[in-house]
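I opened my notebook for a walk through this model, with the strands, pockets and cores on my list. Please keep the viewer open and follow along.

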Amino acid sequence: MWSPVHDRPRSRWAALAFAAVLLGAASAAAVTLTRGPYLQLLTTHSVTVVWNTDVLATCRLAIRRLDGNASVIAGGTSTMCAIPVEGLLPGTQYAYVPRAGSVPLTTESVFESDDPTLPYSFLVVGDTGGVTPEQFAVRDRMVATSADFILSTGDMVYETGAAADFNPKFFAPYRNLINHLVFWPCLGNHDVMTAGGQPWRDAFYTPANNPAANEGYYSFEFGNAHVAVLD
(Lines give C-alpha, C1' and ligand atoms only; values in the text may rest on other atoms or scores of the structure.)
Protein backbone atom coordinates (compact mmCIF):
# COMPACT_ATOMS: atom_id res chain seq x y z
CA MET A 1 0.00 0.00 0.00
CA TRP A 2 1.26 3.49 -0.90
CA SER A 3 1.56 5.94 1.96
CA PRO A 4 0.04 9.44 1.55
CA VAL A 5 3.58 10.82 1.20
CA HIS A 6 4.16 8.72 -1.92
CA ASP A 7 0.63 9.20 -3.23
CA ARG A 8 1.09 12.93 -3.72
CA PRO A 9 3.86 12.66 -6.34
CA ARG A 10 1.95 9.93 -8.14
CA SER A 11 -1.22 12.08 -8.16
CA ARG A 12 0.75 15.13 -9.25
CA TRP A 13 2.32 13.34 -12.21
CA ALA A 14 -1.01 11.81 -13.14
CA ALA A 15 -2.56 15.26 -13.09
CA LEU A 16 0.26 16.66 -15.20
CA ALA A 17 -0.07 13.81 -17.70
CA PHE A 18 -3.82 14.37 -17.93
CA ALA A 19 -3.27 18.09 -18.44
CA ALA A 20 -0.75 17.37 -21.19
CA VAL A 21 -3.27 15.17 -22.97
CA LEU A 22 -5.90 17.90 -22.75
CA LEU A 23 -3.39 20.51 -23.94
CA GLY A 24 -2.39 18.33 -26.89
CA ALA A 25 -6.01 17.83 -27.88
CA ALA A 26 -6.74 21.51 -27.56
CA SER A 27 -3.69 22.40 -29.62
CA ALA A 28 -4.66 20.01 -32.42
CA ALA A 29 -8.24 21.28 -32.38
CA ALA A 30 -7.00 24.88 -32.59
CA VAL A 31 -4.95 24.32 -35.76
CA THR A 32 -6.30 26.32 -38.71
CA LEU A 33 -5.64 25.88 -42.42
CA THR A 34 -4.01 28.94 -43.93
CA ARG A 35 -3.43 27.50 -47.42
CA GLY A 36 -4.91 24.60 -49.33
CA PRO A 37 -5.23 21.75 -49.43
CA TYR A 38 -4.03 21.66 -53.03
CA LEU A 39 -2.73 19.03 -55.43
CA GLN A 40 0.67 18.87 -57.09
CA LEU A 41 2.58 16.43 -59.30
CA LEU A 42 -0.39 14.32 -60.37
CA THR A 43 0.39 11.22 -62.47
CA THR A 44 -1.35 7.95 -63.25
CA HIS A 45 -0.12 6.47 -59.97
CA SER A 46 0.81 9.32 -57.62
CA VAL A 47 0.01 12.79 -56.32
CA THR A 48 1.34 15.20 -53.69
CA VAL A 49 -1.15 16.89 -51.35
CA VAL A 50 0.00 20.21 -49.86
CA TRP A 51 -1.39 22.48 -47.16
CA ASN A 52 -0.21 25.09 -44.64
CA THR A 53 -1.35 25.74 -41.08
CA ASP A 54 -1.12 28.68 -38.71
CA VAL A 55 0.86 26.76 -36.06
CA LEU A 56 3.10 23.72 -35.96
CA ALA A 57 1.10 20.53 -36.38
CA THR A 58 1.65 16.86 -37.11
CA CYS A 59 1.00 16.35 -40.83
CA ARG A 60 -1.34 13.47 -41.59
CA LEU A 61 -3.30 12.66 -44.73
CA ALA A 62 -6.36 10.39 -44.80
CA ILE A 63 -7.02 9.13 -48.33
CA ARG A 64 -9.33 6.50 -49.80
CA ARG A 65 -10.85 5.28 -53.01
CA LEU A 66 -14.45 6.42 -53.18
CA ASP A 67 -15.56 2.83 -52.68
CA GLY A 68 -12.97 2.01 -50.01
CA ASN A 69 -11.73 2.70 -46.50
CA ALA A 70 -9.26 5.45 -45.68
CA SER A 71 -5.56 4.94 -45.06
CA VAL A 72 -3.57 7.52 -43.11
CA ILE A 73 -0.16 8.64 -44.37
CA ALA A 74 2.11 10.24 -41.79
CA GLY A 75 4.36 13.22 -42.37
CA GLY A 76 6.50 15.41 -40.16
CA THR A 77 5.61 18.25 -37.81
CA SER A 78 5.49 21.58 -39.61
CA THR A 79 3.36 24.51 -40.71
CA MET A 80 4.00 23.43 -44.33
CA CYS A 81 2.76 19.92 -45.08
CA ALA A 82 3.44 18.08 -48.34
CA ILE A 83 2.42 14.41 -48.37
CA PRO A 84 3.36 12.31 -51.42
CA VAL A 85 0.93 9.50 -52.22
CA GLU A 86 2.02 6.49 -54.27
CA GLY A 87 0.19 3.43 -55.56
CA LEU A 88 -2.83 5.13 -57.09
CA LEU A 89 -4.79 3.35 -59.78
CA PRO A 90 -5.13 5.11 -63.17
CA GLY A 91 -8.42 6.88 -63.83
CA THR A 92 -9.64 6.36 -60.28
CA GLN A 93 -11.34 8.82 -57.95
CA TYR A 94 -9.91 9.36 -54.48
CA ALA A 95 -11.20 11.30 -51.49
CA TYR A 96 -8.76 12.87 -49.03
CA VAL A 97 -8.68 14.94 -45.85
CA PRO A 98 -5.64 16.74 -44.40
CA ARG A 99 -5.25 16.28 -40.66
CA ALA A 100 -3.41 17.85 -37.76
CA GLY A 101 -2.60 14.66 -35.93
CA SER A 102 -5.97 12.90 -35.74
CA VAL A 103 -8.04 16.08 -36.22
CA PRO A 104 -9.50 16.72 -39.71
CA LEU A 105 -8.74 20.23 -40.96
CA THR A 106 -11.49 20.32 -43.62
CA THR A 107 -14.09 18.14 -45.30
CA GLU A 108 -13.22 15.56 -47.96
CA SER A 109 -12.04 16.67 -51.39
CA VAL A 110 -12.15 14.35 -54.43
CA PHE A 111 -9.71 14.11 -57.34
CA GLU A 112 -9.13 11.65 -60.17
CA SER A 113 -5.79 10.18 -61.19
CA ASP A 114 -4.67 10.38 -64.82
CA ASP A 115 -5.52 7.63 -67.29
CA PRO A 116 -3.67 7.76 -70.64
CA THR A 117 -6.46 5.79 -72.34
CA LEU A 118 -9.21 8.33 -71.58
CA PRO A 119 -10.11 11.60 -73.33
CA TYR A 120 -9.32 14.75 -71.36
CA SER A 121 -9.54 18.52 -71.38
CA PHE A 122 -7.58 21.24 -69.60
CA LEU A 123 -7.66 24.95 -68.85
CA VAL A 124 -4.88 27.40 -69.74
CA VAL A 125 -4.69 30.72 -67.90
CA GLY A 126 -2.12 33.39 -67.12
CA ASP A 127 -1.69 36.75 -65.38
CA THR A 128 -3.66 35.49 -62.40
CA GLY A 129 -3.51 36.70 -58.81
CA GLY A 130 -4.41 40.36 -59.17
CA VAL A 131 -7.56 40.36 -57.00
CA THR A 132 -9.59 42.06 -59.72
CA PRO A 133 -13.16 41.57 -60.97
CA GLU A 134 -11.68 40.13 -64.16
CA GLN A 135 -9.74 37.50 -62.21
CA PHE A 136 -12.85 36.44 -60.32
CA ALA A 137 -14.95 36.33 -63.49
CA VAL A 138 -12.43 34.03 -65.19
CA ARG A 139 -12.16 31.98 -61.99
CA ASP A 140 -15.92 31.48 -61.94
CA ARG A 141 -15.88 30.28 -65.56
CA MET A 142 -13.07 27.88 -64.67
CA VAL A 143 -15.00 26.48 -61.71
CA ALA A 144 -18.02 25.92 -63.96
CA THR A 145 -15.97 24.19 -66.68
CA SER A 146 -15.25 20.48 -66.68
CA ALA A 147 -11.49 19.95 -66.93
CA ASP A 148 -8.77 17.56 -65.83
CA PHE A 149 -6.00 20.02 -64.97
CA ILE A 150 -5.04 23.71 -65.20
CA LEU A 151 -1.91 25.01 -66.90
CA SER A 152 -0.45 28.42 -66.04
CA THR A 153 1.36 30.61 -68.54
CA GLY A 154 3.03 32.64 -65.80
CA ASP A 155 2.64 35.81 -63.74
CA MET A 156 0.71 33.89 -61.16
CA VAL A 157 0.83 36.50 -58.37
CA TYR A 158 0.87 40.27 -58.96
CA GLU A 159 2.59 42.58 -58.67
CA THR A 160 5.90 41.12 -57.57
CA GLY A 161 5.29 37.52 -56.51
CA ALA A 162 5.64 38.50 -52.85
CA ALA A 163 5.15 35.73 -50.29
CA ALA A 164 2.44 37.71 -48.46
CA ASP A 165 0.39 37.96 -51.67
CA PHE A 166 0.14 34.25 -52.46
CA ASN A 167 -2.68 33.42 -50.04
CA PRO A 168 -5.05 36.34 -50.70
CA LYS A 169 -4.35 36.61 -54.44
CA PHE A 170 -3.95 32.98 -55.50
CA PHE A 171 -4.68 30.27 -52.94
CA ALA A 172 -7.87 31.81 -51.53
CA PRO A 173 -9.50 32.72 -54.88
CA TYR A 174 -8.73 29.31 -56.40
CA ARG A 175 -9.38 27.12 -53.33
CA ASN A 176 -12.36 25.40 -54.95
CA LEU A 177 -10.28 24.45 -57.99
CA ILE A 178 -6.90 23.49 -56.60
CA ASN A 179 -8.35 21.04 -54.07
CA HIS A 180 -9.33 18.69 -56.92
CA LEU A 181 -7.35 19.86 -59.99
CA VAL A 182 -3.60 20.28 -60.32
CA PHE A 183 -2.70 23.88 -61.25
CA TRP A 184 0.60 23.28 -63.04
CA PRO A 185 2.68 26.39 -62.26
CA CYS A 186 4.81 28.56 -64.50
CA LEU A 187 7.22 31.35 -63.53
CA GLY A 188 6.51 34.75 -65.07
CA ASN A 189 8.45 38.00 -65.04
CA HIS A 190 6.29 39.28 -62.16
CA ASP A 191 6.73 36.10 -60.13
CA VAL A 192 10.52 36.44 -60.04
CA MET A 193 10.57 40.02 -58.75
CA THR A 194 10.71 38.82 -55.13
CA ALA A 195 13.90 36.93 -54.23
CA GLY A 196 14.22 35.58 -57.75
CA GLY A 197 10.92 33.72 -57.42
CA GLN A 198 11.64 32.00 -54.11
CA PRO A 199 8.07 32.43 -52.77
CA TRP A 200 6.86 30.74 -55.98
CA ARG A 201 9.30 27.86 -55.41
CA ASP A 202 8.18 27.57 -51.79
CA ALA A 203 4.54 27.34 -52.85
CA PHE A 204 4.70 24.93 -55.80
CA TYR A 205 6.22 21.55 -56.53
CA THR A 206 7.41 20.71 -60.03
CA PRO A 207 9.21 17.63 -61.41
CA ALA A 208 12.32 19.75 -62.17
CA ASN A 209 13.12 17.04 -64.71
CA ASN A 210 15.81 18.90 -66.62
CA PRO A 211 19.63 18.59 -66.61
CA ALA A 212 19.97 21.45 -64.11
CA ALA A 213 17.24 20.07 -61.81
CA ASN A 214 15.74 23.58 -61.98
CA GLU A 215 12.18 23.84 -60.64
CA GLY A 216 11.42 26.71 -62.99
CA TYR A 217 11.10 24.62 -66.14
CA TYR A 218 9.91 21.07 -66.51
CA SER A 219 7.64 18.72 -68.42
CA PHE A 220 4.83 16.37 -67.49
CA GLU A 221 2.52 13.91 -69.18
CA PHE A 222 -1.24 13.79 -69.08
CA GLY A 223 -3.38 11.52 -71.21
CA ASN A 224 -1.55 11.14 -74.51
CA ALA A 225 0.14 14.57 -74.26
CA HIS A 226 3.63 15.58 -73.23
CA VAL A 227 3.56 19.15 -71.92
CA ALA A 228 6.65 21.38 -71.59
CA VAL A 229 6.56 24.35 -69.21
CA LEU A 230 9.19 27.03 -69.74
CA ASP A 231 10.41 29.79 -67.42
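**Entry 1: strand S4 and its partners**

How many bridges join S4 to strand S5 (residues 103–104)? I looked it up in this predicted model and found two, with the strands running antiparallel. One facing pair here is Arg99 and Pro104, the latter in S5. I then looked at the link between them: S4 and S5 make a hairpin with two residues in between. Gly101 sits in that turn, and its phi is positive, about 65°.

Next I asked what else pairs with S4. Strand S2 (residues 46–65) does, in the antiparallel sense, over seven bridges. Within that pairing I noted Ala62, whose bridge partner in S4 is Val97. Strand S6 (residues 109–112) is antiparallel to S4 too, with four bridges. Here Tyr94 stands opposite Phe111 of S6.

Is S4 (residues 93–100) mostly covered or mostly open? I found it mostly covered, as six of its eight residues are buried.

**Entry 2: strand S10 and its hairpin**

I moved on to S10, which runs over residues 218–222. Four of its five residues are buried, and I put it down as mostly covered. S10 pairs with strand S11 (residues 225–229), antiparallel, over five bridges. Phe220 faces Val227 of S11. These two strands form a hairpin as well, with two residues between them, and Gly223 in the turn has a positive phi of about 55°.

Which residues does Phe220 touch once neighbours within four places in sequence are set aside? My list reads Phe149, Leu151, Trp184, Ala225, His226, Val227 and Val229.

**Entry 3: the nonpolar cores**

Phe220 led me to the largest nonpolar core, where it is among the residues with the most contacts, along with Val47, Trp51 and Phe111. I noted 29 residues in this core. Two or more of them come from each of S2, strand S3 (71–86), S4, S8, S10 and S11. S2 gives the most to this core, seven residues. Apart from it I found another core, of 21 residues, including Val50, Met142, Val157 and Leu187.

**Entry 4: the pockets**

How much space lies in the largest pocket? I wrote down about 250 Å³. Its lining has 15 residues, and those nearest the centre are Leu33, Gly36, Pro37, Thr106 and Arg175. At least two lining residues come from each of S1, H3 and helix H4 (175–178), and S1 has the largest share with five. By class I noted four nonpolar, eight polar and three charged residues.

The second largest pocket holds about 200 Å³. Closest to its centre, out of 16 lining residues, are Glu112, Ser113, Ala147, Asp148 and Phe222. S6 gives the most to this lining, with three residues. The classes here are eight nonpolar, four polar and four charged.

**Entry 5: backbone oddities**

I kept the unusual backbone spots for last. As a reminder to myself, most peptide bonds are trans, and most residues other than glycine have a negative phi.

Where are the cis bonds? One joins Gly36 and Pro37, with omega about 10°. Pro37 is in strand S1 (residues 33–40), and both Gly36 and Pro37 are on my list of residues nearest the centre of the largest pocket. The other one I noted joins Tyr158 and Glu159, with omega about -5°. Glu159 is in the loop between strand S8 (149–152) and helix H3 (163–171).

I also looked up positive phi outside glycine. Asp127 has a phi of about 55° and sits in the loop between strand S7 (122–125) and helix H2 (133–143). Is Asp127 buried, partly exposed or exposed? It counts as partly exposed because its relative accessibility is 47%, and the exposed class starts over 50%.

Ala213 also has a positive phi, about 55°. I found Ala213 in the loop between helix H5 (198–203) and strand S10 (218–222). With a relative accessible area of 52%, Ala213 is over the 50% cut-off and therefore exposed.

Terms used. Residues are numbered from 1 along each chain as its sequence is written. This is a predicted model: local features need pLDDT of at least 70, side-chain atom pairs count only at pLDDT 80 or more; totals for chains, interfaces and linings use all residues. Side-chain values use heavy atoms; hydrogens and water are left out. Buried means under 20% relative accessible area, exposed over 50%, partly exposed in between (1.4 Å probe, protein chains only). Two strands pair if DSSP finds at least two bridges between them. On a 1 Å grid over the protein atoms alone, a cavity is a set of points where a 1.4 Å probe fits but cannot get out, and a pocket is an open set with protein on both sides within 12 Å along at least five of seven lines; lining residues have an atom within 4 Å of a point. Grid points are joined across faces, edges and corners, and a volume is the space filled by probe spheres set on the points. Ala, Val, Leu, Ile, Met, Phe, Trp, Tyr, Cys and Pro count as nonpolar, Asp, Glu, Lys and Arg as charged, and the others, Gly among them, as polar. A nonpolar core is a set of buried Ala, Val, Leu, Ile, Met, Phe, Trp, Tyr and Cys residues joined through side-chain atoms within 4.5 Å. Contact means heavy atoms within 4.5 Å.
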